[in-house]
Amino acid sequence: MATVREIITDALTEIGVIAANESPTASDTQLCLRYFQRQIDSWAADQLTLSRQSRTSITWPSSTSSQTIGASGANITAQRPMWINTLNYVVPNTSPAVEVPIGPMDKDSYASESIKALSSQYPLAFFYQTAIDSLLGTITLWPVPNQSLTLYLYAPQAVDVPVAISDVLLGPAGYQDAFVYQLALRLLSPFGKNPQDVPILPGMAAEAFAKMKRPNNEPGLLGVDAALVPSTGG
């Protein structure tokens with residue numbers, strides 16, 4: 001666990017911009033913050049940097065085909081996911097609650113649906129799309145449910161992009177080195193440095209990044225049809 005200020009200070013120390021126990025200037029710190037924000041934002045586009053899965057409860061209104069999701073100004077207030085792992089609806093009046101998976105559609109599958117406003121009691125599929133002109137994503141259900149439903153959205157969760165140098169960056173084991181060495185690599189150019197000035201840095205940055213992502217590379221569990229499993233009964 002470290003603050004953004006500490007990560008920036010360590011990164012600048014690694015590339016020799018400041019000496020040990022020195023502090024960067026205010027202007028240098030703000031420059032580094034912008035580079036660090038872009039670094040964390042770019043990591044969100046790499047599934048292997050996403051170590052956590054969030055579970056978000058959604059109240060889906062009746063006869064509503066689409067809703068936006070995002071941190072601000074959206075129908076669903078939550079961190080906008082880059083991907084949705086699973087989207088389930090809860091069968092009404094079940095106790096304990098019964099969650100039923102909704103099948104994902106890609107852009108071609110959704111485009112091929114000839115009656116997009118088709119109505120039904122429960123949705124069979126969903127289509128998710130992010131926007132390039134806003135910070136919102138859009139979830140579309142098909143068919144459109146004709147009753148209000150509770151949904152549960154399961155999505156990989158990225159590290160939050162810091163907004164201030166006092167923000168604390170959290171992550172599993174291995175993330176702190178990746179924060180520092182990857183940022184140090186990005187700061188070489190703006191501070192007039194090149195990899196030859198710190199020859200061990202590219203290797204350290206690559207190793208830290210790979211070590212950070214390694215635990216997130218989890219192969220899916222193999223499903224086997226029950227009919228293919230030998231019976232142990234009499």
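Select Glu 14 and show its surroundings: beyond residues up to four places away in sequence, Glu 14 touches Val 180, Tyr 181, Ala 184 and Val 198. Keep in mind throughout that this is a predicted model. Glu 14 lies in helix H1, which covers residues 4–14. Colour by accessibility and Glu 14 comes out as partly exposed, because its relative accessibility is 32%, and that class lies between the 20% and 50% cut-offs.

Stay on this site and add a distance label between the C-alpha atoms of Glu 14 and Val 180. The label should read 8.6 Å, although 166 residues separate the two in sequence.

Next, select residues 52–60, which form strand S2, together with residues 149–157, which form strand S11. These two strands run antiparallel and are joined by nine bridges. For one position along the pair, pick Trp 60: Leu 149 in S11 stands opposite.

Now widen the selection to the whole sheet. Which strand order should you expect across it? The order is S2-S11-S5-S6-S8-S9-S3-S4, an open sheet of eight strands with mixed pairing. Its edges are S2 and strand S4 (76–77), each of which pairs on one side only.

From S2, follow the chain into the loop that leads to strand S3 (66–70) and stop at Thr 64. Is Thr 64 buried or exposed? Thr 64 is buried, since its relative accessible area is 19% and the cut-off for buried is under 20%. With neighbours within four places in sequence set aside, the contacts of Thr 64 are Val 144 and Pro 145.

Zoom out to the full chain in cartoon view. The secondary structure consists of five helices and 12 strands. The chain is more spread out than a compact globule, because its radius of gyration is 23 Å, well over the 17 Å that the globule rule gives for 234 residues. Turned along its principal axes, the C-alpha trace spans about 65 × 55 × 35 Å.

Switch to a contact map. Of the contacts between residues at least 6 apart in sequence, 71% link residues that are at least 24 apart.

Finish with the surface. The chain exposes about 13,400 Å², and 52% of that area comes from carbon and sulfur atoms. Buried residues account for 36% of the 234 residues. Colour by charge to find 13 positive and 19 negative charges, whose mean positions are 3 Å apart.

Definitions and conventions
Residues numbered from 1 in each chain as written. Predicted model: local features only at pLDDT ≥ 70, side-chain atom pairs only at ≥ 80, totals over all residues. Heavy atoms only, no water. Helix = DSSP H or I, 4+ residues; strand = E, 2+ residues; numbered from the N terminus. Rg over C-alpha atoms; globule rule 2.2 N^0.38 Å. Buried < 20%, exposed > 50% of the residue type's maximum accessible area, 1.4 Å probe, protein only. Contact = heavy atoms within 4.5 Å. Areas by Shrake-Rupley, 256 points an atom, 1.4 Å probe, with all protein chains shown as cover. Lys, Arg positive; Asp, Glu negative; His and termini not counted. Charge placed at Lys NZ, Arg CZ, Asp CG, Glu CD. Pairing = 2+ DSSP bridges.
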